[in-house]
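Colleague: I am new to reading protein models, and I would like a close look at one single part. Could you pick one helix and walk me through it and its surroundings?

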Amino acid sequence: MSLKYAVLAALLEGEASGYELAKAFDVSLANFWPATPQQLYRELERLAQDGLIEARVVQQERRPNKRMFTLTEAGREDLSSFAVTPPRRPTAVRDELLVKIQALDAGDPEAARALIEERRTWARGKLDRYERLRERLLDGRSEDEYLVGADRIGPYLTLMGGIAFEEGNLRWCEQALALLRRRTAVG
């Protein structure tokens, strides 16, 4: 899959500037499809050239003008077609840290422990951000109230996937650190 569909899906929320989309990717879409602002701006240009989104310029005083992007009917149709097509292949883990841990026995166990602790800290931080986003989405409602009354459910479901992913990362970090401590105590 390309960044194209992640951008089109993000625009289902409504009109947004490139800056707003970059923030959305950083906060909510990063749990399943990260992108840099430079990648986003290049993709927005391609999507506009392909007629899948349109841009309008908003004149601003004291700041540069900004472009606001919206989905076109062609963009909605393309996204709709994409949404019902099965993925090409299942998700595969491709994680540099896991390669380093695989090579642990050829390296420094203390360095490996530090890398795992860093991952644990990173996962906790992401989980905290996701929980804050969840609270904003729920806006004082119970999950059931949200699910019944929300206009869109996709962002909530992907957020739940991100939360589950980071909880899994935390569990793995804790297990790996405990096993390394046990191995050190035995050795």
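Modeller: Here is a walk along one helix, followed by a few places around it. Please keep in mind that this is a predicted model.

Let us take helix α6, which runs over residues 109–138. Start with its length. The helix has 30 residues, and at 1.5 Å a residue these should span 44 Å. The C-alpha atoms at its two ends are 43 Å apart, so the expected and the computed spans agree.

Now go to the N-terminal end. Aspartate 108 caps α6 there: one of its side-chain oxygens lies 3.0 Å from the backbone nitrogen of glutamate 110.

Next, look along the helix for the residues that are hidden. The buried residues of α6 include Ala112, Ile116, Ala123, Leu127, Leu133 and Leu138. Arg113, Arg120, Lys126, Tyr130 and Arg134 are also among the buried residues. What do the buried residues of α6 pack against? Their partners are α2 (18–27), α5 (96–102), α7 (143–149) and α8 (154–186).

One residue is worth a pause. Arginine 119 sits in helix α6. Its relative accessibility is 19%, and buried means under 20%, so arginine 119 counts as buried. The side chain of arginine 119 makes a polar contact of 2.8 Å with the side chain of aspartate 95. Leaving aside residues up to four places away in sequence, arginine 119 touches Asp95, Leu97, Asn169 and Cys173.

Two of those names lead us to a neighbour, helix α8: Asn169 and Cys173 are among the buried residues of α8. Others in that group include Tyr156, Leu159, Ile163, Glu166 and Leu180. What covers the buried residues of α8 includes α6 and α7. Helix α8 has 33 residues and reaches 48 Å from its first C-alpha to its last, close to the 48 Å expected at 1.5 Å a residue.

Back on α6, you can also find a residue that faces outward. Arginine 136 lies in this helix too. Is arginine 136 buried or exposed? At 55% relative accessibility, arginine 136 counts as exposed, because the cut-off for exposed is over 50%. To get a feeling for distances, compare arginine 136 with lysine 100: they are 36 residues apart in sequence and 37 Å apart in space, C-alpha to C-alpha.

Then follow the chain past the end of the helix. Just after α6, aspartate 139 takes a positive phi of about 50 degrees. Most residues other than glycine have a negative phi. Aspartate 139 is not a glycine, yet its phi is positive. Aspartate 139 lies in the loop between α6 and α7, and it is exposed, with a relative accessible area of 59%.

You can see a similar backbone feature elsewhere in the model. Arginine 62 has a positive phi of about 65 degrees although it is not a glycine. Where is arginine 62? Its place is in the loop between β2 (53–58) and β3 (66–71). Arginine 62 is exposed, with a relative accessible area of 85%.

So, to retrace the route on your screen, begin at the cap made by aspartate 108, stop at the buried arginine 119, and finish at aspartate 139 in the loop between α6 and α7.

Methods: Residues are numbered from 1 along each chain as its sequence is written. This is a predicted model: local features need pLDDT of at least 70, side-chain atom pairs count only at pLDDT 80 or more; totals for chains, interfaces and linings use all residues. Side-chain values use heavy atoms; hydrogens and water are left out. Helices (H or I, at least four residues) and strands (E, at least two) are DSSP runs, numbered from the N terminus. The expected span of a helix is 1.5 Å times one less than its number of residues. Buried means under 20% relative accessible area, exposed over 50%, partly exposed in between (1.4 Å probe, protein chains only). Contact means heavy atoms within 4.5 Å. A polar contact is a pair of N or O atoms within 3.5 Å; within protein, one must be able to donate a hydrogen and the other to accept it, and residues adjacent in sequence count only if both atoms are side-chain atoms.
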